[in-house]
Amino acid sequence: MAERILMKGAEACAEGAIKAGCRFFFGYPITPQNEVAGYMSRRLPEVGGVYLQGESEVASINMVLGAAAAGTRAMTSSSSPGISLMQEGISYIVGCEVPAVIVNFVRGGPGLGGIGPAQSDYFQATRGGGHGDYNLVVLAPSTVQELVDLMKEAFDIADRYRNPVMVLADGIIAQMMEAVEFKYGVDPATLPAKTWAVGGASGRPRNIIKSLDLVPENLEKHNWKLQEKFSLARKNEVRWEEFMMEDAEIVLVCFGTVARIAKKSIEEARKKGIKAGLIRPITLWPFPEEPFRKAISRARRFLVVEMNAGQMIEDVRLQVCRARPIDFKGKPGGTVFTPSEILELILKLEESK
Amino acid sequence: MSDLTYKPLYQRPKALTMVPTHYCPGCHHGIVHRLLAEVIDELGIQEKTVIMAPVGCSVLIYNYLDTDSVECAHGRAPAVATGIKRARPDSIVITYQGDGDLAAIGTAEIVHAATRGERITTIFINNTNFGMTGGQMAPTTLIGQKTETTPYGRIPERNGYPIRVSEMLATLTGPAYVARVAVYNPANVAKARNAIKRAIQVQIEGKGFGFVEVLSTCPTNWGLTPVEAVKWLQENMIPVYPLGEFVGGKE
């Protein structure tokens, strides 16, 4: 068994990526995740990799496109305003069918917003984000350990679908220190060769990586091909956690940091005899459907709690429709729920029985 | 005894595909594509080369140059090229960009690739307008020049002044070779070919960033015949954009 090390989330994210075989990191400074770049700039040269600070997020994501187009595992990390700048590049990476990993430690917006933790980029992450018909698989860890575990998943999924994967966390996960264990170690030399990659057409037909197709019929074909991949991801990549759901009547739906806080509230509610439970989507896209199908017969009502003004609730509505009432509590802007605040919400719902 | 076997003096470069280009009559893209292909052949690097296609008239360059290629977002070619070169230092990475792509939306990417001394080569086509979108003003548009979006001519008070990219990049330490050339007559074509070769050689030798600005015609958007366009280039562009080597010329 690997040893457990005390690490800051941002640094654990970086080490996880390296252990997942990532050797190329391009990024631009932005709070609250600068430790990712700091760690990468120290560690990557030790393992024969490259850390390069781009002149902007726009340039950085295009450097990721280049390194990934050359067949490597490449990534960037940023926070909300920076991720907005990367949307052009992400759309091109999807169109070019190149795998890449993008980590967004979300901060409050809109605009420059603040540097406090938030979940307000849910729409941007799960609806594509840039121009065109596309989706990213979006992974939302709720602990530093899960962030580490998901870094390898992210690179594997990206390679499997030749599509970028986004890891969506927040400043709490970036800044918090926890004991983590790295259960994997990938030597990039052992990864399957990417026959589609560029780097010089020596001993093979040349490769062209592009998103352009000026013939509408051909572009439509290309887009349906992308949609097939997304359908496959919908089928095969859904991940979620159910917490105390066996007999849950009040079903909380939360992701990331909020879910972690909500677990504490649910435990307290259970002590008071309230049958509360939690559905925690780990993939925000594809959004899990099965736990809702299972929960609906027992559930009296649903409670969505998010660090935004109400975004994931739209996906919950798609699952629950009008079958049960859905309550919402949000905090947009960088403030965080306490376990007792969420407990109070549960108690109120119990009273309204 | 004299050697009676025939030796070809002139033929299609190997690195050029057998496809008719989509360029307008009198446009200089075709000449520059050919020169690039000739240099790739001469240096024997076809199987190591990756060409970045820009957004603009030369967006389909991968149809004409027979190498690996990546088509990039508008202005981002030097950033994509950087990623490829860092991942595959053994490859030869070339960006081919117009003046809308490089001197407007891609200014940050080209300046920073140059100042990092990125081991890549950039061919920059300056024809004083956005060709593909129908001849709008570019940063390189001359004072007084009429374009689709400067119908009264480029007026400095409204539209600012032309940007001299080669001179600007020459102030940086990262570039190993910077030159401005033209291809409107055989003497200049020969010089342009040498400049392109030099700009790739500095990459091969690991010396730094290589850059060649090529003054080019755009008869369609200038509203001139190909012959008139060559004359216009000589009379109007060269005084503003003087030809020559700015960095890494003959010592």
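This report describes a helix pair within chain A and the contact between chains A and B in a predicted model.

**Helix pair in chain A**

Helix H3 (residues 57-69) and helix H4 (residues 80-96) of chain A have axes that come within 7 Å of each other and cross at roughly 25°. Because angles under 35 degrees count as roughly parallel, H3(A) is roughly parallel to H4(A). The crossing of H3(A) past H4(A) is right-handed. On the H3(A) side, the residues that meet H4(A) are A:Glu57, A:Val58, A:Ile61, A:Asn62, A:Leu65 and A:Ala69. Their counterparts in H4(A) include A:Leu85, A:Met86, A:Ile90, A:Tyr92 and A:Ile93. By class, this contact of H3(A) with H4(A) comprises 10 nonpolar, 3 polar and 2 charged residues.

**Contact between the chains**

In the contact between the two chains, 28 residues of chain B touch 33 residues of chain A. Four elements of chain B, listed below, each supply at least two residues of the side that touches chain A.

| Element of chain B | Residues |
|---|---|
| Strand E1 | 49-53 |
| Strand E2 | 68-71 |
| Helix H2 | 77-87 |
| Helix H4 | 107-115 |

H2(B) gives the most to this side of chain B, with 8 residues. The residues on the side of chain B that touches chain A divide into 12 nonpolar, 7 polar and 9 charged.

Strand pairing also links the chains: strand E9 (residues 208-209) of chain A is joined to E2(B) by 2 bridges, and the two strands run parallel. Within this pairing, A:Ile209 has B:Val70 of E2(B) as its bridge partner.

Definitions and conventions:
Residues numbered from 1 in each chain as written. Chains lettered and ligands numbered in written order. Predicted model: local features only at pLDDT ≥ 70, side-chain atom pairs only at ≥ 80, totals over all residues. Axes fitted to C-alpha atoms, helices over the stretch in contact; angles between N-to-C directions. Parallel < 35°, antiparallel > 145°, perpendicular 65-115°, else oblique. Left-handed = near helix turned anticlockwise from the far one by under 90°. Contact = placed C-beta atoms within 7 Å. Nonpolar A, V, L, I, M, F, W, Y, C, P; charged D, E, K, R; others polar. Pairing = 2+ DSSP bridges.
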